[in-house]
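Below is a walk through one structure, starting with how far the coordinates can be trusted and then moving to individual residues and the nonpolar cores.

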Amino acid sequence: MAVNRMFRTCPASGLVFHEPAENLMKANAVAAAVSLLVGGILAIGVTLTRWQAVHMLPPDSFYLFLTAHGLNMLVFWIIFFEMAILYFTSSTLLKCRLAAPGIGWVAFWMMVVGALMNNYAVFRGDSSVMFTAYAPMGAHPTFYLGLILFAVGALISCFVFFATLVVAKSEKTYNGSVPLVTFGAITAAIIAVFTIASGAIILVPTFLWSVGFIDHIDSLVYRTVFWAFGHSSQQINVSAHVAVWYAIAAIVFGAKPLSEKVSRTAFFLYICFLQLASAHHLLADPGLTSNWKIFNTSYAMYLAVLASMVHGLTVPGSIEVAQRQKGYTNGLFEWLRKAPWGNPAFSGMFLSLIGFGFLGGISGVMMGTEQLNLLIHNTLYVPGHFHATVVVGTTLAFMSLTYFLIPVLFRRQMMFAGMAPWQPYVFGLGMMGVSLFLMGAGTLGVPRRHWDIAFAGNPLPYEFPGSAWLMMALAGISSIFAFVGGAMYLAITVGSVFFGKKIETPGFKEISAQQGMVGRPQPAAAPADTTVIAGHQGGVGAGGMCMVAPGTFVLAIVFLVSFVLYYFINWKYLSTVWPLR
Amino acid sequence: MSNAIQPAGDHEVFEEPVPPMQQLLDNPFLLLFIGIAVPTVLYIVLGVMEIVAIPIAK
């Protein structure tokens, strides 16, 4: 069988694209953008319903919208984009051919069919079971079948990624260790394999239950195994978006990690412990002991939190070092003030980093503490937290990477170039508002999923304080800003990809797989890489952090003080709602 | 382990042994095994064992 060895070198970035990998990246990125569009439109229905003054949708439509919004955003948008990242970080960064592109296409179409099938089930109206789909609340069989198909497709894509690593190693297209960005993608792919396998373990029997082959699904076993899928799927995002942070720091600034060893060890902590945070969804469940809960969400999860703090420190630290080397050495923060805030790739990445750390990270640790979890369990605090991690953290990081990929991967000039610099601010700040206000409402006890906090017509009403209603209104207003930011992103990316002026690559010709036979790529000479993004040379060492990156050190201290204060404020709050007499 | 020294013409080439931790981090399939085994045992297996140990109501 002919092997397509058609490569092109991007004249702007120096990156080498293998044609079949490039096509798969494009297809996955486009499918991701379509999922984002669908999920974004549905978000407006959800948010304008929970804003009590508007209260747009009736209950059945609200739960339908909420279900489809959750699945399109948390699963389809994110995982399609992550598959594009896996192909990019393997084939492109390692300058090797993609292993088994045909299987990659089979996986892609399985994911597409799965996503369509799942959306069909939801929009039928009889599968409004939300993202969690807790048994014994049943959905149409196509709901589960669609998810299973999608998951298996994603799993196959992960193995194409691993096979590509083998190809790169055997064809010696790199020397030494893989680049740090690729290592981050390996972390994401490993977590993806665990996540998808967990999904299969619970969704296959649930599908069989939905068609009548099994008569009972234990609800607690379902919840336990489901969250190994449901929450770990968001841990794939964390690894992937941290890899994107490192990539953008390298692309925009030529920054190198402060310490390769420390950053890789932090990713290793993710591989071992990040998935265990799934247990925080079960902290209020009877049947599971405190030993299991506290080990998973505290001892083990804190090691993953440590890893996130390492990444949160080394990414801005590496940017500071790069900026100082360019002469921005005045004071603590000239490097940050003079950063390219008008470049959406940078501003999006930095807002993602700040939002993920300050909002998502701190609130995540608070939620993972068994006692404190009682304050906010199943309240709107939970969506507030994950909109900070998944939307501000992951989605914004992926959006910022897109601004780099449009000219490099899609070979198109950016459309609406005047609007692009504003997009990360409108979307990021809007979504930070959504996260903050939802967490505020959750702290006041507003339930996570109830359609109507006025409880109109209920025999046992409950009256929330006016501040809770205000928080809901502010969350609604913020979400409109975020929606506008999302629409700007889609206008820019879809417009650029389909209607943008084409960038011609000298010497590039479309050649079919059967004809595209050129020689094997030459083994890499040491050091392997010519581009900063694919580089993996050591930095200054973490020990010199305070000396070489004093501004980042101060930011880290601010973060730690905020962390400690917020943590202990919640203990104080707990003591007031549950006094010891 | 001591460094391996190989004569190569007029000069010597020093080949430092790869540290064990780097060998681990350079092996994606070993990492894959660890990344599946650790959460499977600590989260799924121990969790499900606790659930199935709950006495059934009579």
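**Confidence, cores and selected positions**

A:S478 is buried, at a relative accessible area of 10%. This is a predicted model, and confidence is the place to begin. Chain A has a mean pLDDT of 90, with 91% of its residues reaching 70 or more. Over residues 525-532 of chain A, however, the pLDDT is below 50, although this stretch has 17 contacts in the model beyond near neighbours in sequence. Residues 536-543 of chain A also have a pLDDT below 50, and there the number of contacts beyond near neighbours is 23. Where pLDDT is low, the predicted coordinates should not be read in detail.

To return to A:S478, this serine lies in helix α15 of chain A, which covers residues 466-499. What does the side chain of A:S478 reach? The partner is the backbone oxygen of A:L474, at 2.8 Å. Once neighbours within four places in sequence are left aside, A:S478 is in contact with A:G430, A:G433, A:V434 and A:F437.

A:I78 is a second position to examine, in helix α2 (residues 59-92) of chain A. Its relative accessibility is 0%, under the 20% limit, and therefore A:I78 counts as buried. Leaving aside residues within four places in sequence, the contacts of A:I78 are A:M73, A:N237, A:V390, A:T394, A:T395 and A:F398. The separation in sequence between A:I78 and A:V391 is 313 residues, while their C-alpha atoms are 9.8 Å apart in space.

The nonpolar cores come next. In soluble globular proteins, nonpolar side chains tend to be buried together. The largest nonpolar core here has 191 residues, and the members that touch the most others are A:F80, A:F143, A:F162, A:Y222 and B:Y43. Residues up to four places away in sequence not being counted, A:F143 touches A:T67, A:L71, A:N118, A:A121, A:V122, A:S127, A:V129, A:M130 and A:A133. There is also a second, separate core of five residues, among them A:V46, A:F62, A:L66 and A:M130.

Chain B, to which B:Y43 belongs, remains to be described. How many helices and strands does chain B have? There are two of each, and along the sequence they follow the pattern β-β-α-α. Chain B has 58 residues, of which 21% count as buried. The area that chain B exposes is about 4,200 Å², and carbon and sulfur atoms supply 67% of it.

Notes
Residues numbered from 1 in each chain as written. Chains lettered and ligands numbered in written order. Predicted model: local features only at pLDDT ≥ 70, side-chain atom pairs only at ≥ 80, totals over all residues. Heavy atoms only, no water. pLDDT = per-residue confidence, 0-100. Contact = heavy atoms within 4.5 Å. Helix = DSSP H or I, 4+ residues; strand = E, 2+ residues; numbered from the N terminus. Buried < 20%, exposed > 50% of the residue type's maximum accessible area, 1.4 Å probe, protein only. Polar contact = N/O pair within 3.5 Å; in protein donor to acceptor, adjacent residues only side chain to side chain. Areas by Shrake-Rupley, 256 points an atom, 1.4 Å probe, with all protein chains shown as cover. Core = buried A, V, L, I, M, F, W, Y, C linked by side-chain atoms within 4.5 Å.
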